[in-house]
Amino acid sequence: MTRPKHRIAIAGFQHETNSFSPTPATLADFEMDDSWPGLMRGPEVIARTRGINLAVAGFILAAEADADVEILPILWASAEPSGPVTDHAFDTIAAEILAGLKAAGPIDGLFLDLHGAMITESHDDGEGALLAMIRETLGPDLPIAVSLDLHANISDQMVDLSTSIALFRTYPHLDMADTGARCFPQLLAQIEGARPCKAFANVPFLIPLHAQCTDMAPMGPLYALAEQHGVELAAGFTGGDTRHTSPSVLAYADTQEEADRAVATVSDAMLAVEPAFIGTPPPPEEVVRQAMAMPMGTPVIIADVEDNPGGGGSSDTTGLLRALVSEGAQGALLGVLHDADVAKAAHDIGVGGTLAMDLAGRSGCEGDAPFEGRFQVMALSDGRVVYEGVMYGGGEAQIGPSARLKVLDTAADVHVVVSTIRNQCLDRGYFRALGVNPEDARIVAIKSTVHFREAFEPMAQAVLTTRVPGALASDLSQAPYRNLRQGVRMGPDGSAFERA
Ligand SMILES: [Zn+2]
């Protein structure tokens with residue numbers, strides 16, 4: 001038997017941090033199953049991610065096809081987007097990654113599956129801090145290929161301390177596994193001695209998340225241009241309040257001149273289309289009326305873009321629910337509202353029972369309040385959601401004990417899916433788990449910014465977006481930023497940020 005030629009270690013540590021969310025990400029949040037599997041160690045990282053659309057799974061699949069490579073999986077952990085990661089969680093997981101890397105013996109390269117927008121209690125650049133710890137342990141020369149989310153707020157430190165970075169090119173993120181797979185030949189080339197020249201530039205304006213969808217202009221064509229020039233493009237995560245928060249452009253090439261030119265080409269193209277990014281969506285009452293005026297037949301989707309738990313939203317603001325009821329919406333389905341107390345009460349009383357309770361609205365969002373009402377329990381679930389769509393295809397979500405409730409004492413016909421665990425409603429499976437087909441609804445109201453489009457847009461006659469104040473401001477001038485880079489524009493054509 002010949003000895004494997006290259007020993008490649010693999011680790012993943014994912015968090016998208018929303019500075020405006022009051023709920024921290026604790027170690028328990030990284031350990032538990034949610035939209036993705038909970039913390040995994042060693043061979044579990046391979047077994048439990050196989051077939052899932054994750055960068056780590058794509059990298060592993062590519063590496064397994066190379067008989068000259070030995071994979072050493074260390075650890076993979078993610079938590080649902082929220083407020084900053086506690087020092088305890090960060091230090092514990094980072095220490096375990098470092099210990100695993102040391103215990104792995106001599107390695108030739110490292111693949112890291114990171115997000116790029118992690119903030120901890122002590123670090124405004126979680127990924128940069130992790131890379132610094134790894135470099136301190138493994139030295140400056142080890143090839144490190146990093147995969148990042150399209151929503152990364154890339155720092156100089158991330159660029160300096162990695163050998164290469166690749167980012168998702170789609171939002172909804174359909175190419176997570178592909179991005180991981182793309183990192184494999186890059187890392188292999190680095191192991192064999194390649195050290196590409198790097199160029200990196202920040203874009204001088206922020207793009208609200210609802211305007212970042214790559215199925216539309218201007219983002220779609222920008223990503224096509226970036227790919228054509230071999231450029232990595234980060235759209236940025238506007239929920240993070242740091243000096244790194246902004247879109248950015250990154251290129252690797254054989255010569256510095258080539259890398260610089262590629263970055264300039266894409267940066268210039270972004271500046272040229274700045275006025276083309278879509279503006280702030282209308283309020284919910286207006287959008288519900290618009291949906292009700294559309295012909296019966298296929299559903300109309302209404303996206304509550306600011307209260308997306310996948311961007312750190314509480315998933316419990318009640319403005320859209322209130323508008324559905326006040327405007328007398330018929331055949332309306334809303335998901336997923338996070339309220340563990342109401343979910344528990346629904347399970348206690350059982351299907352057919354009625355509850356008089358305050359539903360959700362406890363996140364402290366200004367102007368939001370619990371929805372006081374009576375509800376009939378229509379269906380219950382233990383909260384296992386089997387993904388049907390491409391984005392999370394192959395996996396399943398755990399939303400804990402959950403219920404579908406019908407709002408009573410109103411002429412409106414509104415059903416609400418309520419969960420124990422906060423989860424982004426980006427797949428039809430979230431409704432199917434509660435015994436209802438979203439295809440049969442007249443209006444499907446969803447707490448998601450863009451990811452829902454992959455699963456829900458094909459079945460809809462229209463997709464409308466609405467603005468109910470939440471943790472992901474669609475009008476960035478309303479977000480209470482304190483730490484942005486001096487002069488960065490808060491939104492396309494927005495006012496420049498001034499440090500206090
Ligand atoms: Zn993302």
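## Zinc site, cores and cysteines

His-151 is buried, with a relative accessible area of 2%. Buried means under 20% relative accessible area, exposed over 50%, and partly exposed in between (1.4 Å probe, protein chains only). This is a predicted model, where local features need pLDDT of at least 70, side-chain atom pairs count only at pLDDT 80 or more, and totals for chains, interfaces and linings use all residues. Residues are numbered from 1 along each chain as its sequence is written, and side-chain values use heavy atoms, with hydrogens and water left out.

**The zinc ion.** His-151 helps to coordinate the zinc ion through ND1. The other donors are His-173 (NE2) and Asp-149, listed twice through OD. Distances run from 2.1 to 2.7 Å. Donors are N, O and S atoms within 2.8 Å of the metal (3.2 Å for Na, K and Ca); water is not among the atoms, so sites may look incomplete. The spacing of the donor residues in sequence is D-x1-H-x21-H. Asp-149 is also buried, at 6% relative accessible area.

**The cores.** A nonpolar core is a set of buried Ala, Val, Leu, Ile, Met, Phe, Trp, Tyr and Cys residues joined through side-chain atoms within 4.5 Å. The largest has 84 residues. Phe-59, Tyr-430 and Phe-456 have the most contacts inside it. Both domain 1 (6-276) and domain 2 (284-474) give residues to this core, so it lies between them. The domain bounds come from an automatic or database domain assignment. A second, separate core has 44 residues, including Met-118 and Tyr-252.

Tyr-430 touches residues beyond its neighbours within four places in sequence, among them Ser-35, Val-336 and Cys-425. Contact means heavy atoms within 4.5 Å.

**The cysteines.** How many disulfides does a search of the whole structure find? It finds 0. A disulfide is a covalent bond between the sulfur atoms of two cysteines. Here the cut-off is a pair of cysteine sulfur atoms within 2.5 Å. Two cysteines show why there is no bond for them: in each case the closest cysteine sulfur is too far away.

| Cysteine | Closest cysteine sulfur | Sulfur distance |
|---|---|---|
| Cys-183 | Cys-197 | 19 Å |
| Cys-425 | Cys-213 | 17 Å |

Cys-183 is buried, at 0% relative accessibility. Cys-425 is buried too, at 0%.

**His-229.** His-229 is partly exposed, with a relative accessible area of 33%. Leaving aside its neighbours within four places in sequence, His-229 is in contact with Ala-262 and Thr-265. His-229 and Ala-259 are 30 residues apart in sequence, yet 9.6 Å apart in space, C-alpha to C-alpha.
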